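Colleague: I am new to this structure and would love a guided tour. Please pick a single part, look at it closely, and then show me how it fits with the rest.

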Amino acid sequence: MATDKFEHATFYLTKKQVEDIKRIAREKQISRSALVRMIIREYINHEENDKNK
């Protein structure tokens with residue numbers, strides 16, 4: 001489902017990845033969804049930078 005601002009995606013994580021996200025979110029006192037968005041943005045930026053090299 002997509003809106004003007006968000007497009008929803010489904011992806012799968014390992015149990016360890018989920019536990020790591022929970023731990024980091026708790027330590028940084030941010031929501032898990034915010035942390036996942038940050039991780040995805042960082043990945044996209046990294047991919048874009050690799051394309052532009």
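Modeller: Happy to! Let me begin with Arg-32, which counts as partly exposed because its relative accessibility is 49% (buried means under 20% relative accessible area, exposed over 50%, and partly exposed in between, using a 1.4 Å probe and protein chains only). Before going on, please keep in mind that this is a predicted model, in which local features need pLDDT of at least 70 and side-chain atom pairs count only at pLDDT 80 or more, while totals for chains, interfaces and linings use all residues. Residues are numbered from 1 along each chain as its sequence is written, and side-chain values use heavy atoms, with hydrogens and water left out.

Arg-32 sits in helix α2 (helices are DSSP runs of H or I with at least four residues, strands are runs of E with at least two, and both are numbered from the N terminus). Between the C-alpha atoms of Arg-32 and Glu-48 there are 24 Å, with 16 residues separating the two along the chain. Ser-33 is also part of helix α2, and its 44% relative accessibility makes it partly exposed. The C-alpha atom of Ser-33 is 9.2 Å from that of Ile-21, although their positions lie 12 residues apart in the sequence count.

Now for the part I would like to look at closely: helix α1. This helix runs over residues 15–28, and its 14 residues should span 20 Å at 1.5 Å a residue, which agrees with the 20 Å between its end C-alpha atoms (the expected span is 1.5 Å times one less than the number of residues).

Helix α1 is a good place to meet the salt bridges, of which the structure holds 4 (a salt bridge is a side-chain nitrogen of Lys or Arg within 4 Å of a carboxyl oxygen of Asp or Glu). One of them joins Lys-16 to Asp-20, with 3.0 Å between the closest N and O atoms. These two partners are 4 residues apart in helix α1, so about one helical turn separates them. Lys-16 counts as exposed because its relative accessibility is 57%, whereas Asp-20, at 23%, counts as partly exposed.

Asp-20 also forms a salt bridge with Arg-23, where the closest N and O atoms are 3.8 Å apart. Here the partners, both in helix α1, are 3 residues apart, about one turn of the helix. Arg-23 has 34% relative accessibility and so counts as partly exposed. Taken further, Lys-16, Asp-20, Arg-23 and Glu-27 are linked in a network of salt bridges.

Another pair in helix α1 is Glu-19 and Lys-22, whose side chains meet in a salt bridge at 3.9 Å, N to O. They are 3 residues apart, so about one helical turn lies between them. Glu-19 is partly exposed at 40% relative accessibility, and Lys-22 is partly exposed at 31%. Why do such spacings suit partners on a helix? An α-helix has 3.6 residues a turn, so residues three or four places apart point the same way.

What comes just after α1? There, Gln-29 takes a positive phi of about 55°, although Gln-29 is not a glycine. Gln-29 belongs to the loop between α1 and α2, the latter covering residues 32–51. With 72% relative accessibility, Gln-29 counts as exposed. In the segment after α2 you will find Asn-52, which counts as exposed at 65% relative accessibility. From Asn-52 back to Ile-24 in space is 31 Å, C-alpha to C-alpha, for 28 residues of sequence separation.

Finally, let us step back to the chain. Its secondary structure comes to 2 helices and 0 strands. With a radius of gyration of 13 Å, well over the 10 Å that the globule rule gives for 53 residues, the chain is more spread out than a compact globule (the radius is taken over C-alpha atoms, and the rule is 2.2 Å times the number of residues to the power 0.38). Its C-alpha trace spans about 35 × 30 × 20 Å along the principal axes. Of the 53 residues, 9% are buried. As for charge, the chain has 12 positive and 9 negative side chains, and the centres of the two sets lie 7 Å apart (Lys and Arg count as positive, Asp and Glu as negative, and His and the chain ends are not counted; each charge is placed at NZ of Lys, CZ of Arg, CG of Asp or CD of Glu).
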